[in-house]
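Work through the two exercises below with the sequence and the model open beside the text. Each task is followed by a solution that goes step by step.

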Amino acid sequence: MAFLEFKNVRIAGIAAGVPKNTISNYTLKQGIDISSDYTPEAFVETTGVKERRCSDTLCTSDLCYAAAEKLIAELNWDKSEIEALVFVSQTADYFLPATACILQDRLRLSKECYAEDVALGCSGWVYGLSNVASLVSTGAIKKALLLAGDAKKRAQMKRDPLFGDAGTATAIEYAPGNAGFRFHFGTDGSGYDAIIAPDGGSRNQVTVDSFALNDFGGKMMHRLQTHMKGMDVFSFGITTAPKSVKKLGDRFGFDYLDYDYFIFHQANMKMNNQIVKKLKLDTEKVPSCMYQFGNTSSASIPLTIVSQLKGKFENKPTKIICCGFGVGLSWGTVAFETNSIIIPTLVEVLDEEADKDHVI
Amino acid sequence: MKTLEEFVALFAEQFDDTDASEITAATEFKDLDEWSSLIALSIIAMADEEFDVALKGADVRDASTVEDLYKVICGKM
């Protein structure tokens with residue numbers, strides 16, 4: 001059973017960056033952007049996504065960078081004290097090197113810095129948090145950044161109106177005496193093809209044929225695009241997420257219903273409603289930002305905290321459970337308490353702010 | 001264990017505009033006017049809640065009648 005606990009560590013702050021450019025889903029074109037079976041109004045009602053943020057210029061690292069700069073400034077952290085940076089994304093700047101290395105330089109962090117990429121999606125923020133918490137909980141490293149999100153893809157493709165771009169920054173620091181984090185993790189690689197970009201890795205190298213459009217469930221897609229088996233993912237989400245939350249409570253001996261907020265990854269409103277119903281949660285305790293930003297992959301949990309909870313919990317004792325689940329298939333749940341946390345206002349990033357120094 | 005009749009009734013509940021009397025064990029459900037990917041998700045959620053069975057997309061695609069799907073669920077219990 002993959003349960004973990006790290007004490008003496010806490011989240012000092014969370015920030016999120018999104019492109020300034022907003023796209024409304026009420027102007028989607030039937031038969032082009034969405035299936036001809038749906039009107040734009042029906043699409044919005046069904047998915048819950050009214051609008052989303054998209055840029056054809058900004059990479060995930062640009063959004064994470066903007067969020068990190070704002071967060072470091074508001075925390076008044078000395079950059080020379082930040083000794084670890086974990087970047088969680090499936091839209092890295094380059095195949096090589098790891099984007100975490102580029103961000104170390106762009107953020108002007110010390111060269112005495114542990115930096116790594118984690119290639120996970122919707123479960124990624126929870127996994128990344130466990131990596132960073134494990135590094136910081138001994139006090140050997142006292143301040144660290146977790147940068148997570150997804151944005152511009154690695155090939156030109158038609159935008160899926162369910163998804164939006166976002167990059168987040170979570171600041172984690174050594175805090176002796178703090179109860180820290182309790183985690184549950186799980187993986188089911190038999191579902192590897194439930195969400196998959198088939199070409200471009202070494203199993204199926206990129207060829208001219210990778211760009212040929214084929215019919216996939218009624219949509220024309222090329223093989224560098226992400227192919228999703230919606231029903232399989234739905235079935236996985238509604239069964240796995242509630243079980244993981246329950247297991248965490250059982251393992252560590254708490255009643256999850258005593259928690260103040262439940263932040264789930266948001267992929268589809270129907271799936272999230274079903275999860276809330278199964279766990280018998282009060283919907284007021286389950287904030288969502290999907291209507292505003294779409295599915296933002298590993299950014300969804302911190303983006304929900306920034307966009308929906310800012311002003312509501314920063315300076316009072318608050319118990320939070322977060323659960324991410326998706327591509328892998330992979331899932332993770334974390335429980336923690338905050339009583340003093342910095343949440344900067346949402347950072348809106350302009351295309352001109354893209355990295356110009358690490359471009360070849 | 002719920003009977004086939006109970007499953008048919010639960011199946012029919014997932015539709016808004018289709019009268020329950022139109023749905024029987026032998027109904028080829030993908031031919032119904034109201035059938036959509038969204039109803040499929042409702043059916044998957046119902047199988048999870050009522051039978052504690054996780055249906056996959058292929059299970060729904062490969063079944064043609066309501067009874068076919070009931071058999072798939074029984075096989076997974």
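The exercises concern a predicted model, and they take up the fold of chain B before the contact between chain A and chain B.

**Exercise 1.** Determine which secondary structure elements chain B contains, in what order they run from the N terminus, and how the radius of gyration of chain B relates to the globule rule.

*Solution.* Begin with the count of elements, which for chain B comes to 4 helices and 0 strands; read from the N terminus on, the order is accordingly written α-α-α-α. Next, take the radius of gyration, which for chain B is 11 Å and lies close to the 11 Å given by the globule rule for 77 residues, so chain B is as compact as a globular protein of that length. The extent of the C-alpha trace of chain B along its principal axes is about 30 × 25 × 20 Å. Then turn to the interior, where buried residues account for 26% of the 77 residues in chain B. Finally, consider the contacts in chain B with a separation of 6 or more, of which 54% join residues 24 or more positions apart.

**Exercise 2.** Describe which helices of chain A supply the side that touches chain B, and sort the residues of that side by class.

*Solution.* First establish the size of the contact, to which chain A gives 12 residues and chain B gives 13 residues. On the side of chain A, helix 5 (230-252) and helix 6 (269-279) each contribute at least two residues, and the largest share, 7 residues, belongs to helix 5 of chain A. Sorted by class, this side of chain A holds 3 nonpolar, 5 polar and 4 charged residues.

Technical notes: Residues are numbered from 1 along each chain as its sequence is written. Chains are lettered from A and ligands numbered from 1 in the order in which they are written. This is a predicted model: local features need pLDDT of at least 70, side-chain atom pairs count only at pLDDT 80 or more; totals for chains, interfaces and linings use all residues. Two residues are in contact if their C-beta atoms, placed from the backbone, lie within 7 Å. Ala, Val, Leu, Ile, Met, Phe, Trp, Tyr, Cys and Pro count as nonpolar, Asp, Glu, Lys and Arg as charged, and the others, Gly among them, as polar. The radius of gyration is taken over C-alpha atoms; the globule rule is 2.2 Å times the number of residues to the power 0.38. A residue is buried if 20 or more other C-beta atoms lie within 10 Å of its own, exposed if 12 or fewer, and partly exposed in between; C-beta atoms are placed from the backbone.
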